[in-house]
Amino acid sequence: MMAVSLKDSYTVIPAEPTFNGRLSPSEWDQIGTLTHVPTIYFYRPSQDWAMRGGDILATLRHSLSRALVHFYPLAGRLCWIEGSRFEIECNAMGVQLIEAESKSTLEDFGDFTSSPYLEYLEHLVPSVDYSSPIHELPLMLVQLTNFSCGGISISTSISHAVADGQSALHFIHEWARLAQGEPVGTAPFLDRNVMSVRDSLIAPPRFDHAEFRHPPSLMGVSSALEERKKETVMSFLKLTKTQIERLKRMANESRPTEGRPYSRYETIASHIWRCACKARGHQSEQPTAIGICVDSRSRMRPPLPQAYFGNAIFDVIAAGRSGELVSNPLGYVSSRIREAIQKVTDEYVHSAIDFLKNQPDLSRFQDRHALGSDAGPFFGNPNLEVVSWLTLPVYEVDFGWGKEIYMGPGPLDFDGDSLILPGHDGDGSVFVALSLQVAHMDAFKNYFYEAIAEPSLS
């Protein structure tokens, strides 16, 4: 497998003057992951497009510049203020666009779910130098990699402090529309105050917010530091539509008759949680937690605009003991996850906002591990996070040279990171992208597929 060579780097600024000043992020923007979240798209541009004189780099630069006029916070920078809070300095310093090339071909990557692709992935997404001061870091980086076969990849790394997954994908789709010469379809809603408009007076929280307490530590270990240091590995695990239906039947066998059946997410996330407990060899009494991301846009009253650009994802926690999770039916674990999701109501969200506004310092709620800090929550062993991309518009991003042949996440580096994304072929399958300690991954895979194996006919 050939190395990736960086050819050039460009700073892309908005094509027109934009708002110059500071934006005050919502409380949601200022907690959780503060680093960049990478995604990657692969394309095989047609010969027709190339013969028409298409210049991929020029098309991306021009359309990106126009897109930043509408999504101008992405062209700014963060700046710290007191209490480990920050503001967005809208100063049009721009987005970094990197041009790279590789002698590899797209065929070298197979189905994009195993070696050597996973070992190569980190070279195909923009690298962020977190040793630099935060006010110098671009909030968005793009890497265009040209392969020897004529194929390309376009990867983006967007700061989670500025946009959640829904917002990031909104931007990517609108950027693609502009690249095709079309106008912006839906302008972003940039007013962050809508998240806390009725909370101008700081009130005490009205609920107990377990999601703001640090998750459990491994029994017999005084600090999570040692667990953080252990080597991890990333894997993709496929579930066919048939396997998903089998899991859902297993989960719903023990469900109370009232209420709707457990969803794909509730079922698959509970399966991942149980398999992780087994693979990690937990003691029966080991406390464990799973982090769950809930989009609050439609749960607020009135609902947030779907085009709200920022962080409207609410992280909640389901907790239990490993012994009870692995010994009870799958539906029991699914019920714990559903209970956590159902907490997220308008009142609960505003109570959480009040909780955060009452905090003199937010650093203990911020995941700064990639920034070289050991502070903040740790969702590695005995915990994990399961993010859902199942309902996000991750596919059909066409910049003018056809739809992607593959889309996926960037590298998952931290123990317990996982996400569920729909299969690209529209056949009802899903993929689980997962990072676990090397010592636990093989056992996890065995448990993951063992539970849904076809019954033997013998």
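## Contacts of Ile-154 and the nonpolar cores

In this predicted model, Ile-154 is in contact with residues from several parts of the sequence, its neighbours within four places being left aside. The partners are Thr-39, Ile-40, Tyr-41, Tyr-43, Leu-60, Val-142, Gln-143, Leu-144, Trp-175, Phe-399 and Trp-401. Two of these partners, Trp-175 and Phe-399, stand with Ile-154 among the residues that touch the most other members of the largest nonpolar core. Phe-42, Tyr-117 and Phe-171 complete that group, and the core as a whole has 74 residues. Helix H4 (residues 165–179) supplies the largest share of this core, eight residues.

A separate core of 56 residues lies apart from the largest one. Its members include Phe-365, Leu-390, Leu-436 and Met-441. In soluble globular proteins, nonpolar side chains tend to be buried together.

## Cis peptide bonds

Most peptide bonds are trans. The bond that joins Ser-115 and Pro-116 is cis, with omega about 5°. Pro-116 sits in the loop between strand S7 (95–102) and helix H3 (117–120).

A cis bond also runs from Arg-301 to Pro-302, where omega is near 0°. The loop that holds Pro-302 lies between strand S11 (287–295) and strand S12 (313–321).

## Positive phi outside glycine

Most residues other than glycine have a negative phi. Phe-112 is not a glycine, yet its phi is positive, about 65°. This residue belongs to the loop between S7 and H3, where Pro-116 is also placed. Phe-112 counts as buried because its relative accessibility is 7%, and the limit for buried is under 20%.

Glu-396 likewise has a positive phi, near 60°. Its place is the loop between strand S14 (384–388) and strand S15 (406–409). With a relative accessibility of 54%, Glu-396 counts as exposed, because the cut-off for that class is over 50%.

## Cavities

The structure contains three cavities of 30 Å³ or more. The second largest of them encloses about 40 Å³ of space.

Two stretches of sequence contribute to the lining of the second largest cavity. One includes Pro-216, Ser-217, Leu-218, Val-221, Ser-223, Ala-224 and Glu-227. The other includes Phe-378, Gly-380, Asn-381, Pro-382 and Asn-383. By residue class, the lining is made up of six nonpolar, five polar and one charged. Glu-227 is the charged residue.

Terms used:
Residues numbered from 1 in each chain as written. Predicted model: local features only at pLDDT ≥ 70, side-chain atom pairs only at ≥ 80, totals over all residues. Heavy atoms only, no water. 1 Å grid on protein atoms, 1.4 Å probe; cavity = no way out; pocket = protein on both sides within 12 Å on 5 of 7 lines; lining within 4 Å. Points joined across faces, edges and corners; volume = space filled by probe spheres on them. Helix = DSSP H or I, 4+ residues; strand = E, 2+ residues; numbered from the N terminus. Buried < 20%, exposed > 50% of the residue type's maximum accessible area, 1.4 Å probe, protein only. Core = buried A, V, L, I, M, F, W, Y, C linked by side-chain atoms within 4.5 Å. Contact = heavy atoms within 4.5 Å.
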